[in-house]
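Morning, everyone. Let me put the model up, and then we'll walk through the metal site, the sheet and the core.

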Amino acid sequence: MSLGTKVITTKSADDFAKMEVAGRCVAAVHEAVRRAAEPGVSMKELDAIAAEVIGEHGCRPSFLGYHGYPATICTSPNNIIVHGIPGDYRLREGDILSVDAGAIYEGWHGDAAFTMAIGEVPDEVRELLVATEQALWNGLRQAKAGNRLGDIGHAIETTAEPHGYGVVREYIGHGIGRQMHEAPNVPNYGKPGKGMKLKEGWALAIEPMFNLGGAETAVLDDGWTVVTADGSLSAHFEHTVLITPEGPKVSTLPEPVLL
Ligand code: MF3
Ligand code: CO
């Protein structure tokens with residue numbers, strides 16, 4: 001998503017190093033939540049695990065209090081696309097669950113999300129998760145100096161096309177740094193060679209959301225929870241990527257990966 005003051009900032013190698021610490025923390029949150037996510041576990045319990053891991057890493061959660069957001073992570077089961085507030089819902093065999101987490105280290109952010117299956121899910125659901133993650137990596141590979149924003153969006157959108165998935169348009173990726181949401185906006189669609197030219201020192205959060213059905217979204221009465229308008233299942237994968245002189249560097253992993 002994309003809220004708040006939009007500034008575009010260029011980071012130094014030292015800044016990137018701090019973003020890598022935040023990113024490693026986010027990766028640890030993912031790992032802990034993934035391990036704990038099994039039938040019977042509640043969203044609130046997963047949120048508590050995330051809060052503990054963030055503290056252990058000497059970081060702070062970036063979502064808690066953000067525009068009034070009331071939890072540490074977003075937990076978005078099944079037809080929830082993004083921004084599900086961890087509550088009393090307990091996982092069931094056959095669910096899918098999207099987990100989005102953000103951490104701040106010495107003022108620098110990491111932001112990443114994944115979707116997992118809880119036990120066995122039908123092949124078409126597993127394929128949705130695989131394709132959405134594939135789209136993320138196809139987008140990340142385009143995040144290098146000299147390329148354009150449209151190259152990222154195009155790589156993502158064309159990954160969805162052969163499957164006929166709904167590509168969510170209302171929620172998009174974003175610049176990231178000292179704020180979770182900075183300029184530029186990073187849509188999950190676009191034309192190759194079009195849009196702003198990417199520069200060394202930028203950092204982006206790239207985050208495709210694909211639906212098994214249509215692309216349309218709706219927001220529940222809590223003002224946060226974004227669902228598919230048609231009730232279909234939705235997947236969300238996100239990483240933070242640093243545009244370094246050597247190429248795209250994904251920071252939200254146990255060890256940063258240069259593409
Ligand atoms: N990770 C989300 C994003 O990419 C942010 C979650 S919204 C919050 O923009 F309010 F929970 F912070
Ligand atoms: Co994000």
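Start with the cobalt ion, ligand 2: its donor residues are spaced D-x62-H-x32-E-x30-E in sequence. Donors here are N, O and S atoms within 2.8 Å of the metal (3.2 Å for Na, K and Ca), and water is not among the atoms, so sites may look incomplete. Asp111 sits in strand E5 (residues 108–117) and His174 in strand E7, 63 residues apart, so the pair links distant parts of the chain. Helices (H or I, at least four residues) and strands (E, at least two) are DSSP runs, numbered from the N terminus. The full set is Asp111 (OD), His174 (NE2), Glu207 (OE) and Glu238 (OE), at 2.0 to 2.3 Å. Asp111 and His174 are both buried, meaning under 20% relative accessible area with a 1.4 Å probe, protein chains only (exposed is over 50%, partly exposed in between).

A word on provenance. This is a predicted model: local features need pLDDT of at least 70, side-chain atom pairs count only at pLDDT 80 or more, and totals for chains, interfaces and linings use all residues. Residues are numbered from 1 along each chain as its sequence is written, chains are lettered from A and ligands numbered from 1 in the order written, and side-chain values use heavy atoms, without hydrogens or water.

Now the sheet. Six strands form an open, antiparallel sheet, ordered E8-E7-E9-E14-E15-E16. Strands pair if DSSP finds at least two bridges between them. E7 (residues 173–175) and E8 share three. Gly175 stands opposite Glu182 in E8.
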